[in-house]
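Reader: I am new to this structure and would like to understand how its charged pairs are identified. Could you take me through the reasoning step by step?

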Amino acid sequence: MDMLASLLPAGIAVHAPALIVVIPLIMAAVAALMPRGIFAWGVTLATAIAVAVLSLNILGQVSTGGVISYAMGGWLPPVGIELRVDMLNVPLLLLVGIVGLLCVIYALPSVADEIAKKQQALFYSAFLVCFAGLLGVTITGDAFNVFVFLEISSISTYTIIAMGAGKDRRALTASYNYLVLGTIGATFFVIGVGFLYMATGTLNIADMAAVLEQNGHDRVTQAAFAFIVVGLGLKAAMFPLHVWLPNAYAFAPNFVTAFLASTATKVAFYALIRFVFSVFHPEVNFVAMSFTWLFAVVGVVAMMVASMQAVFQTDARRLLAYSSVAQVGYMMLGLGMGTAAGLSASMLHLMNHALMKGALFMALGAFALNFGVRRVKDLAGLGQTMPASSAAFTVASLSLVGVPLTVGFTSKWYLVTAALERGWWWAVAALMISSLLALAYVARLLSAIWMETPPAGKAGIAPARRLAPWMVLAPMSLLAFANIYFFFHADPLVGLARAAANAVMGGN
């Protein structure tokens, strides 16, 4: 960890919490001014590299020196705006930074195929704004700025989804639906923050927690809790507030889907954990009740219903989108256990799911890039025509089911262990049933890829074997490899997940 902390010169490292947000915002303007898409991609790649390095440096700083509190403009909290990093949000910074870098590498051929040349610079600019927004939500210590950064990321997300209309006009409808529902979610959240401000007289998250601990909770804070849970639950695609997600994932550009599936709902889920544990505190009666009767119940229902919906999808990306709703259900179940073990398992699944879905959507993007594949039946014979991409897709699919030797098995094992500690046999049964449902829809995909023959072309000849561009293969293969590597070397991710849980629960 000392080596990570020394990645940057001391003069830069001390400002890393601010730079990790400011750099993407500034470079978004630079990307928009680029005359060609490839130049804008170069700006975006340089920015993503800088963010990944900064996130690793911040990990080293927090691991060796504890919590980082960065006062913007020299105004100390709670009066000034604070950027605050502890072991709860470090995993999210790493996730957004490193997966974001891999997605940007993947982006060049994918964006060139799907976005008109004259729009590519603006597309990369909007992506960088989204990137900055997600990082800002993760690192800010100010409740109102969580709302600000959520809106920064959301508005730019609506834009980059809508820019997929060049390939599929349904992207416009998906973006509009997301805009309407996202605005409702943001409104609920900011109303909740307003109630908290009414009750505490401060917007600093740590100061809010201190005031509430001293003064106790009343009906105002209970109302704040309800509004914040609904607002962030919608952003995190918590069932049944997930209706924006399937179309958004299905019709967005492939690069956008891969990035959002790996990061956006995870950041919103982090924000939910931050408020539930750091502001309201899990021992408060109405919060404790919400664990079992809201988060756990909603999680189990999502695991079942969304998995069953995935089984019957004919569009491959919609199938994986419903799968994502089910996987958010796993995270909600871990949160609903209300224990350090449950929260740790939830955080571990959050990181592992990013590895799975990143590889899966990148592979689907590779199939679309070469053969225009979108429907499940169109995957027929791709194991013969695109073996490398199919192998990566297979590994990530098996991880999604939770097959041993993959990270999916690891996080489900920790969820089962945490459930047994609570005596929740029904939760274990739900985990098993939902995994069988996942096997059912994954089997449809893999049987089409490996067991069916490629369709004949116009001349009656099967299409020749094709490799995806190396800029697609490299990040996709790395994520697929990570799905196996972190099964055998699980300690780094398990350690981060446990540290995250202990940061807000103290190991209780």
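Author: What follows is a short exchange about salt bridges in this model, which is predicted.

Reader: Why is the contact between Arg274 and Asp86 called a salt bridge?

Author: The N to O distance between the side chains of Arg274 and Asp86 is 2.9 Å, and since the rule asks for a side-chain nitrogen of Lys or Arg within 4 Å of a carboxyl oxygen of Asp or Glu, the pair qualifies as a salt bridge.

Reader: What makes Arg274 and Asp86 a pair that ties together parts apart in sequence?

Author: Arg274 belongs to helix H12 (residues 254-280), while Asp86 sits in the loop between strand E2 (82-85) and helix H5 (90-114), so the pair ties together parts that are 188 residues apart in sequence. Both Arg274 and Asp86 are buried.

Reader: How do you know that Glu151 and Lys235 meet in a salt bridge?

Author: Their side chains come to 3.6 Å, N to O, and because the limit is 4 Å, this pair also fulfils the rule. Glu151 lies in helix H7 (residues 143-162) and Lys235 in helix H10 (residues 219-235), 84 residues apart, and the pair links distant parts of the chain. Glu151 is buried, as is Lys235.

Reader: Asp378 and Arg375 also meet in a salt bridge, but why are Asp378 and Arg375 called partly exposed?

Author: Asp378 has a relative accessible area of 27% and Arg375 has 40% relative accessibility; buried means under 20% and exposed over 50%, so both residues count as partly exposed.

Reader: How many salt bridges does the rule give?

Author: The count comes to four salt bridges.

Conventions: Residues are numbered from 1 along each chain as its sequence is written. This is a predicted model: local features need pLDDT of at least 70, side-chain atom pairs count only at pLDDT 80 or more; totals for chains, interfaces and linings use all residues. Side-chain values use heavy atoms; hydrogens and water are left out. Helices (H or I, at least four residues) and strands (E, at least two) are DSSP runs, numbered from the N terminus. Buried means under 20% relative accessible area, exposed over 50%, partly exposed in between (1.4 Å probe, protein chains only).
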